[in-house]
Amino acid sequence: MATYVMGTNSVHTSAALCDYLSKRVDTGDVVHVVNSHPGGEQTDSDDARDGNDAMNVVESRLGDHVTVETHQYIRGNEAAEDIIKCAEDRNADEIVIGVRKRNPTSKIVFGSTAQDVLLTSNIPMAVVPLEKIP
């Protein structure tokens with residue numbers, strides 16, 4: 001049994017991460033889906049709704065095969081903090097995050113959340129390329 005922690009902020013990110021995980025997970029595995037917002041004036045009801053939509057994608061795509069637990073945090077932390085804390089608290093075997101590419105000639109540009117997770121956590125990670133940004 002493996003435990004995965006997935007950080008997501010959109011339905012598109014969730015879909016790409018599910019494509020990756022669907023080839024890796026087995027019955028009995030657990031996927032914790034983390035959606036994090038800073039709260040206060042920086043987070044509105046649309047952000048929370050979009051986060052729920054992103055987590056629901058994982059539930060619908062993987063929920064028939066593995067246990068999916070969703071965690072939406074709106075508590076003033078950076079997203080990387082919430083992802084790493086969730087992974088540590090659940091003794092995760094792997095963190096799964098997405099990164100975007102700019103174009104074919106440029107190198108991968110990590111968003112601040114992905115970069116913070118990569119530089120801070122000692123838990124093994126899978127970094128999944130997301131769509132290209134023009």
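How many helices and strands does the chain have? In this predicted model, the chain has four helices and five strands. Read from the N terminus, these elements follow the order β-α-β-α-β-α-β-α-β. Of the 134 residues, 43% count as buried. Contacts also reach across the sequence: among those between residues at least 6 apart, 77% join residues at least 24 apart.

The pairing of two helices may be considered next. Two packed helices are described by the angle between their axes and the distance between the axes. For helix α1 (residues 11-22) and helix α2 (residues 45-62), the axes come within 8 Å and cross at roughly 25°. Because angles under 35 degrees count as roughly parallel, α1 is roughly parallel to α2. Their crossing is right-handed. On the α1 side, the contact is made by V11, S14, A15, C18, D19, L21 and S22, while α2 contributes D53, A54, M55, V57, V58, R61 and L62. Sorted by class, this contact comprises nine nonpolar, two polar and three charged residues.

Residues of both helices also belong to the largest nonpolar core. This core has 17 residues, of which M6, L21, V31, V58 and L62 touch the most other members. The elements giving two or more residues to it are β1 (3-7), α1, β2 (30-37), α2 and β5 (125-132). Apart from this core lies another, of 15 residues, including V34, A87, I95 and I97.

V58 links the two themes, since it takes part in the contact of α2 with α1 and is a member of the largest nonpolar core. Leaving aside neighbours within four places in sequence, V58 is in contact with M6, S14, C18, V31, V33, G63 and V68.

Key. Residues are numbered from 1 along each chain as its sequence is written. This is a predicted model: local features need pLDDT of at least 70, side-chain atom pairs count only at pLDDT 80 or more; totals for chains, interfaces and linings use all residues. Side-chain values use heavy atoms; hydrogens and water are left out. Axes are lines fitted to C-alpha atoms, for helices over the stretch in contact, and angles run from 0 to 180 degrees between N-to-C directions. Angles under 35 degrees count as roughly parallel, over 145 as roughly antiparallel, 65 to 115 as roughly perpendicular and the rest as oblique. A crossing is left-handed if the near helix is turned anticlockwise from the far one by less than a right angle, and right-handed if clockwise. Contact means heavy atoms within 4.5 Å. Ala, Val, Leu, Ile, Met, Phe, Trp, Tyr, Cys and Pro count as nonpolar, Asp, Glu, Lys and Arg as charged, and the others, Gly among them, as polar. A nonpolar core is a set of buried Ala, Val, Leu, Ile, Met, Phe, Trp, Tyr and Cys residues joined through side-chain atoms within 4.5 Å. Buried means under 20% relative accessible area, exposed over 50%, partly exposed in between (1.4 Å probe, protein chains only).
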